[in-house]
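Visitor: I have a model open here and would like to be walked through it. Can we start with a loop and work outwards?

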Amino acid sequence: MDSSFEYLVTQLPPMLDTLERWVNHDSPTFDKAPVDALGLQIADAFAGLGASVESHPQSEYGDHLRVDWGQGDRQILLLGHFDTVWPVGETARRPFTVRDGKASGPGINDMKAGILIGLYALQALVDTAQTPAHRLVYVLTSDEENGSLSSRELIEIEARRSDYALVLEPTRYGSLITWRKGVGRFNIETTGVAAHSGVDPEKGVSAVEEMAHQILRLQAMSDLASGTTVNVGVVGGGRLVNVVPASAKAECDLRVMTVAEGERMERAILGLTPVLEGTTIKVSGGINRPPFEESEAGLALFERARAIGARLGLEIDKTGTGGGSDGNLTAALGVPTLDGLGVVGEGSHALHEQILIDSLPQRAALLTELVLDLGQP
Ligand SMILES: [Zn+2]
């Protein structure tokens, strides 16, 4: 039973070599050429294990990859993304570094180490000659950090064909993720009437003042106890300091625990009305990633992972988070989804982003044993 773990521990040096190459290769979501170049390296690595790799070409973002290995009608979907939030040049400033049992570098935790774990779980199956009952289909995407706009369809098509979805996003301090909040995005525009602020102030109506009212209304919709949060994160308006401003814009982020709460909040935000006479308001947007609610099937999946972890000597807990992932998309389709099956680390999107090196073979073994276990009744 522990054969994959013992095998994977021996693979740590090549794992780190591959991770170093991937981390030192910038792959910002909005820069197609470097993302595509990294995608080719990842595709080669999977193809080298006998998987068939399809590229799904994109015009704006990097090309997505669909990796298919194994046989049979039943499939398990494994999800990862190889784009990062870091610009080109970041890895030259902060290259892959190993110290005190940890490795650091841009995008290492979120989530190049997770894709590596997916790769080595497959390598362990190949090299220990074990075949899961399910076909493994990896969908590796290039635009997760911008809300998976171009990859959503591919993810959903494969999710509908799958018995399970396993998401290789990082653990939360070692815990697996059984729920995530849903995410909404809204654009708010107010218009008023321009006028000279000194000569004719009474003829103007300020779109900025109107927006200020709306911002306070929006922020007041947050309710930490129920998990609903609203954040007006971007705001702007007006043109010159001596003109009563005729327009203002804001962008707002929404997080909710349940589908019902998402619908309620969507209605509330889209239904905002002006406060000041003479202004108008336009609101667009909605829920982008539906809530990944904790489900019985998802918890059963977690219990299997926990039992496997115990056999491997790993104590595994579950948790949830307000951060979305592509697991939101699969869970919302009713596909039993377990998230956070990637590396143990911290500092995603932050300068101190790092991982625990020992967790690479541990989590790869957990994934290997889990895909084998899912074929058992
Ligand atoms: Zn991620």
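Visitor: Where does Ala129 lie?
Guide: Ala129 sits in the loop between H5 and strand S6 (135–141). This is a predicted model, so what follows describes a prediction. Phi of Ala129 is near 55°, which is positive although the residue is not glycine.

Visitor: Is Ala129 buried or exposed?
Guide: Ala129 is exposed, because it has 7 C-beta neighbours inside 10 Å, and the cut-off for exposed is 12 or fewer.

Visitor: Which other residue, not a glycine, has a positive phi, near 65°?
Guide: His349, with phi near 65°. His349 is in the loop between strand S17 (345–346) and strand S18 (354–356). With 14 other C-beta atoms within 10 Å, His349 is partly exposed.

Visitor: Back to H5. Which peptide bond is cis, with omega near -10°?
Guide: The one from Asp110 to Met111. Met111 is found in helix H5.

Visitor: And what about the largest nonpolar core: which residues touch the most other members?
Guide: Leu116 and Ile117, out of 73 residues in that core. Helix H5 (residues 108–127) gives the most to this core, with 12 residues.

Visitor: What does Leu116 touch, leaving out residues up to four places away in sequence?
Guide: Leu116 touches Met15, Thr18, Leu19, Trp22 and Leu360. There is also a second, separate core of 17 residues, with Ile188, Leu218, Leu254 and Met265 among them.

Visitor: How is the protein divided into domains?
Guide: Domain 1 covers 3–180 + 292–373, and domain 2 covers 182–289. Their C-alpha centres lie 37 Å apart. The contact takes six residues from domain 1 and seven residues from domain 2.

Visitor: Met265 came up a moment ago. Which residues of H8 are buried?
Guide: Gly262, Met265 and Ile269 are buried in H8. Seen down the helix axis, the buried residues of H8 fall within an arc of 70°, so they line one face. Ala260 and Arg267, on the other side of H8, are exposed.

Visitor: What do the buried residues of H8 pack against?
Guide: They pack against strand S9 (182–191), helix H7 (207–220), strand S13 (247–256) and strand S14 (280–289).

Visitor: Why would buried positions in a helix line up like that?
Guide: An α-helix has 3.6 residues a turn, so residues three or four places apart point the same way.

Visitor: Now H9. How many residues does it have, and how far does it reach?
Guide: Helix H9 (residues 296–311) has 16 residues and reaches 23 Å from first C-alpha to last, close to the 22 Å expected. Gly298, Leu301, Phe302, Ala305, Ile308 and Gly309 are buried in H9. The buried residues of H9 lie within an arc of 120° about its axis, so they line one face of the helix. Exposed residues on the other side of H9 are Glu296, Ala300, Glu303 and Ala310.

Visitor: What comes just after H9?
Guide: Gly313, which takes a positive phi of about 85°.

Visitor: Last topic, the open sheet. What is the strand order?
Guide: Six strands run in the order S1-S2-S6-S3-S7-S16, with mixed pairing. Strand S1 (52–56) and S16 are the edge strands, each pairing on one side only.

Visitor: How many bridges join S1 and S2?
Guide: Five bridges, and S1 and strand S2 (residues 64–69) pair in the antiparallel sense. Asp68 in S2 is the bridge partner of Ser52.

Terms used
Residues numbered from 1 in each chain as written. Predicted model: local features only at pLDDT ≥ 70, side-chain atom pairs only at ≥ 80, totals over all residues. Core = buried A, V, L, I, M, F, W, Y, C linked by C-beta atoms within 7 Å. Buried ≥ 20, exposed ≤ 12 C-beta atoms within 10 Å, placed from the backbone. Helix = DSSP H or I, 4+ residues; strand = E, 2+ residues; numbered from the N terminus. Contact = placed C-beta atoms within 7 Å. Expected span 1.5 Å × (residues − 1). Arc of directions from axis to C-beta. Pairing = 2+ DSSP bridges. Domains from an automatic or database assignment.
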